[in-house]
Amino acid sequence: AALALTATACGSDGDDAGSGGDGKVTVTYWDTSNETEAKVFRAVAEEFAEGRDDVEVDYVNIGWDGAQDRFKNAAPTGEAPHVMRTEVAWVSDFASLDYLAPLDGTPAVENQDDYLEQAWASTQYDGTTYAVPQVIDTLALFYNEQLLDEAGVDVPESLTDIQDSVDAFEGLEAPFYLRGDDAYWFLPYLYGEGGDLVDADSETVTVDDAAGVAAFQAVQDLLDSGAAITDTTDGWESMMSSFGNGDVAMMINGPWAINDARDAIGAENLGVAPVPAGSAGQGSPQGGWNYGVYAGLGEADMTAAQEFVAYMSSADVQQRITEELSLLPTRSSVYEAESVAANEMVEFFAPAVEVAHERAWIPQANSLFDPLKEEAEAMLLGRATPEETTAAIADRYRELLDWQ
Ligand SMILES: C[C@H]1O[C@H](O[C@H]2[C@H](O)[C@@H](O)[C@@H](O[C@H]3[C@H](O)[C@@H](O)[C@@H](O[C@H]4[C@H](O)[C@@H](O)[C@@H](O)O[C@@H]4CO)O[C@@H]3CO)O[C@@H]2CO)[C@H](O)[C@H](O)[C@@H]1N[C@H]1C[C@@H](CO)[C@H](O)[C@@H](O)[C@@H]1O
């Protein structure tokens, strides 16, 4: 529904209030990155205005929790930022509400063919470009090399390998931390059994099919066998502290956690490997972030915002983000830079992202995670079986989506 957006930067006289009257535009950028990443993203963003008297940057870190709603609440009131760090699944959500500016043919999109196909796909909605790629990511197995060596355990390639390692890790709380409070972390188990939440092409709910039940059974088996510990709240903090303290030897995480994990166990001890395979194979989800431009900007603000996005998504800036944070570029050319090619985390994650499981970039997909998280909690607390849990999730999906 096209909403009459109150232009955020237009003052009452229609001039670009963002310009403050002296012709200078202040580009506001809402960033969701974590504390470690924010230091680099802030520095890079503020350098856009260096040496220029026509533009300023107001970098605001709003964090991850609640960021999607915060932008959705701000957009209709004219309080939205010029540029929003937009999670890959949020582009369709914001674009379907007309909160993002179409960017095809604007200064925001430079050298489009240089973008990775998977990353570019998440910027599209209804055949139009509504965002520009920043980073791409997927989940991986993070492991403590020292603890595996001490236990005489090879890097597990399957969930069965993790279960078989329980006795070898007798001194630890458990070999593996299984994140239970974020639905995204359940996707590798689904893909490992050849399943998925839904099939968007046929508009069918699939989470309660045999593969879905097997995936939740695999989670239950890891917990029942003592191979994994979990929490249903504060999973991020518990996972990072369990791994950092050496209470567990392994966790599943993504590139955004690399620097914090290295600080916790020592860079020389951090190993990464593909997420463990299930009975049908191995798979991890595609995640990541784009830059979205608010649709309600006046002309001068819109141009400045688009130039800011082009700068932030440029090969030079992407290369610096990788050099300082080991996050994955979304431009093919950046992977050829010597410093990027030599980065051991890129060496691992680049092929992993290549085969990451693409998701349906549809607005409805955003509402699939909360029901899974809520129903899975009952199972993790021993109050529901895998069959009951997947049936409950599927019922809620069929209600939400009106799909089969
Ligand atoms: C529940 C939500 O489920 C989904 O979100 C998925 C997401 O799609 C997945 O990709 C994945 O995200 C990865 C991410 O790719 C990965 O990069 C990383 O991010 C790092 C940063 O890297 C790091 O810099 C830092 O920022 O920290 C970040 C976080 O660590 O890890 C993320 C996973 O944590 O997992 C998400 C689910 O968690 C839905 O999209 C909704 O958001 C839904 N909630 C809304 C639904 C709305 C109804 O329409 C309702 O209106 C609202 O009230 C609710 O809020």
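How many bridges join strand β1 to strand β3, and do the two run parallel or antiparallel? Hold on to that one for a moment, everyone, and thanks for coming. What you have in front of you is a predicted model, and I'd like to walk you through it.

Here is the answer: β1, residues 25-31, and β3, residues 83-87, are joined by two bridges, and they run parallel. If you want a spot to look at, find Trp30, which stands opposite Met84 in β3.

Now let's widen the view to the sheet around that pair. The sheet is open and has six strands, in the order β2-β1-β3-β14-β6-β15, and its pairing is mixed. At the edges stand β2, residues 55-61, and β15; each has a single partner strand, so one side of each is left without a neighbour in the sheet. As general background, strands of a sheet pair through backbone hydrogen bonds, either parallel or antiparallel.

Let me stop at β6, residues 132-138. Is this strand mostly covered, or mostly open? Mostly covered: seven of its seven residues are buried. On one hand, β6 is joined by six bridges to β14, residues 286-293, and that pair runs antiparallel. Val135 has Trp289 as its bridge partner in β14. On the other hand, two bridges connect β6 with β15, residues 328-329, again antiparallel. There, Ile136 has Leu328 as its bridge partner.

Next, the nonpolar cores. The largest one has 81 residues, and Phe142, Phe176 and Tyr397 touch the most other members. Helix α14, residues 344-354, gives this core its largest share, seven residues. Apart from it lies another core, of 56 residues, including Ala49, Ala75, Trp90 and Trp361. In soluble globular proteins, nonpolar side chains tend to be buried together.

Finally, let's step back to the whole chain. Its secondary structure comes to 16 helices and 15 strands. Of the 404 residues, 57% count as buried. The C-alpha trace spans about 70 × 50 × 35 Å along its principal axes. What radius of gyration does the chain have, and what would a compact globule have? The chain has 22 Å, and a compact globule of 404 residues would be near 22 Å, so the two agree.

Two more numbers before we finish. Among contacts between residues at least 6 apart in sequence, 75% join residues at least 24 apart. And the accessible surface comes to about 16,300 Å², with 44% of that belonging to carbon and sulfur atoms. Thanks for listening!

How values were computed: Residues are numbered from 1 along each chain as its sequence is written. This is a predicted model: local features need pLDDT of at least 70, side-chain atom pairs count only at pLDDT 80 or more; totals for chains, interfaces and linings use all residues. Side-chain values use heavy atoms; hydrogens and water are left out. Buried means under 20% relative accessible area, exposed over 50%, partly exposed in between (1.4 Å probe, protein chains only). Helices (H or I, at least four residues) and strands (E, at least two) are DSSP runs, numbered from the N terminus. Two strands pair if DSSP finds at least two bridges between them. A nonpolar core is a set of buried Ala, Val, Leu, Ile, Met, Phe, Trp, Tyr and Cys residues joined through side-chain atoms within 4.5 Å. The radius of gyration is taken over C-alpha atoms; the globule rule is 2.2 Å times the number of residues to the power 0.38. Contact means heavy atoms within 4.5 Å. Accessible areas come from the Shrake-Rupley method with a 1.4 Å probe; for residues, only the protein chains shown count as cover.
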